[in-house]
Amino acid sequence: MFKSLGNRITDTKEAVSEYLSFLKQPDFTKAHAHKSYVQKIKPEMHELHLRFSYYFYDRFLPVLYPRHCPICGQVLPYGIYVCKKCAPELPYVREPVCLACGKPVASPEQEYCYDCRIFPKSFRAGLALFVYNEKTRPAMAAFKYMNRRVLSQFFAREICARHKNDILRWKPDLLVPVPIHKNKRRLRGYNHAELLAENLSVLLRIPCQGNLLLRTEDTAPQKQLRPQARLNNLQDAFAVNPIFRDQLADLTTVLLIDDIYTTGATMEICTRILRGAGVKNIFIYSVCIGLARD
Ligand SMILES: [Zn+2]
Ligand SMILES: [Zn+2]
């Protein structure tokens, strides 16, 4: 009896010191470190937590705070995610699309978009939900910067309605959001791509790891940069989170999730990092995608 009690004490001590060392990691805020710890030690708790928060925000919260249409902002009845007027105007990505990144291209004869021809990509394939245009731009800005976290349920539901079978055909072992730098996370309070990956995880029943990748550098906005300059700018901006490094060898296929895809530099760098860490197949999914340049 004493022996088992002794063991338990040592276990607890070890657990506490392991937890404290998590908190000391320089790349994390404390809350983030705590989350990684829970995800790593108790994956089933993490799954339960994701499912609970999905149903809380999707079913319960709209009873008290009605949803607004993501496009025009009009208040919606319970259970409706987009108003009748805006629903037919949603700019879904339609065929023909680039075989690599999923960007709409001008003709079916054109296999790859301009950016994928100039800079071939390392991910296996990609898909996107909406074209990034004047309809979707305000919704994406609200989702990203203005705390409209509830939009993650709308996007996740739309993604499943449109591309669930395609995603399941890729057989991803894990969903991984593109990370944001801890300074941005602290400022905004959340990573929008992570919220999306978490909701998709519940709907697709595929595990998700919110902080498998870390953004180690807070790079300047790269809207003005050309594709090669974007890649160079991002070269050292991402890294595999050291606490998950030993688990990556078990993964065959990862699905990377992000909000907006333009030239694909961010997805490409994240793909290279995951492949460098031993993951064989990377697929990508973006909520919005720019139109091809030709
Ligand atoms: Zn509307
Ligand atoms: Zn492409």
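**Helices and strands in a predicted model**

Helices H6 and H8 are oblique to each other, because angles that fall outside the roughly parallel, perpendicular and antiparallel ranges count as oblique. The model described here is predicted. In it, helix H6 covers residues 151-170 and helix H8 covers residues 192-204. The two pack at an angle of about 55°, and their axes are 9 Å apart. The crossing of H6 past H8 is right-handed.

The residues that make this contact can be picked out on both helices. On the H6 side they are Ser152, Gln153, Phe155, Ala156, Ile159, Cys160, Lys164 and Ile167. On the H8 side they meet His192, Leu195, Leu196, Asn199, Leu200, Leu203 and Leu204. Sorted by class, the contact of H6 with H8 has 10 nonpolar, four polar and one charged residues.

Next comes the sheet. Strands of a sheet pair through backbone hydrogen bonds, in either a parallel or an antiparallel sense. Here four strands form an open sheet in the order S1-S6-S5-S2, and the pairing is parallel. S1 and S2 (174-177) are the edge strands, and each of them pairs on one side only. Direction ignored, neighbouring strands of this sheet are turned by 20° against each other on average.

The pairing at each edge can be followed in turn. At one edge, S1 (residues 125-131) pairs with S6 (residues 281-289) in the parallel sense over six bridges. Ala125 stands opposite Phe283 in S6. At the other edge, S2 and S5 (residues 253-261) run parallel and are joined by four bridges. There, Leu174 stands opposite Val254 in S5.

Is strand S1 largely enclosed or largely open, and why? Five of its seven residues are buried, so S1 is largely enclosed by the rest of the structure.

The helices and the sheet also meet. H6 lies across S1, S5 and S6, and runs at about 160° to S1. H8 lies across S2, S5 and S6, and runs at about 160° to S2.

A last stop is Arg215, which lies in strand S3 (residues 213-215). Arg215 counts as buried because it has 23 C-beta neighbours inside 10 Å, and the cut-off for a buried residue is 20 or more. Leaving aside residues up to four places away in sequence, Arg215 touches Pro179, Ile180, His181, Ala237 and Phe238. Arg215 and Val240 are 25 residues apart in sequence, and their C-alpha atoms are 8.9 Å apart in space.

Notes
Residues numbered from 1 in each chain as written. Chains lettered and ligands numbered in written order. Predicted model: local features only at pLDDT ≥ 70, side-chain atom pairs only at ≥ 80, totals over all residues. Axes fitted to C-alpha atoms, helices over the stretch in contact; angles between N-to-C directions. Parallel < 35°, antiparallel > 145°, perpendicular 65-115°, else oblique. Left-handed = near helix turned anticlockwise from the far one by under 90°. Contact = placed C-beta atoms within 7 Å. Nonpolar A, V, L, I, M, F, W, Y, C, P; charged D, E, K, R; others polar. Buried ≥ 20, exposed ≤ 12 C-beta atoms within 10 Å, placed from the backbone. Pairing = 2+ DSSP bridges.
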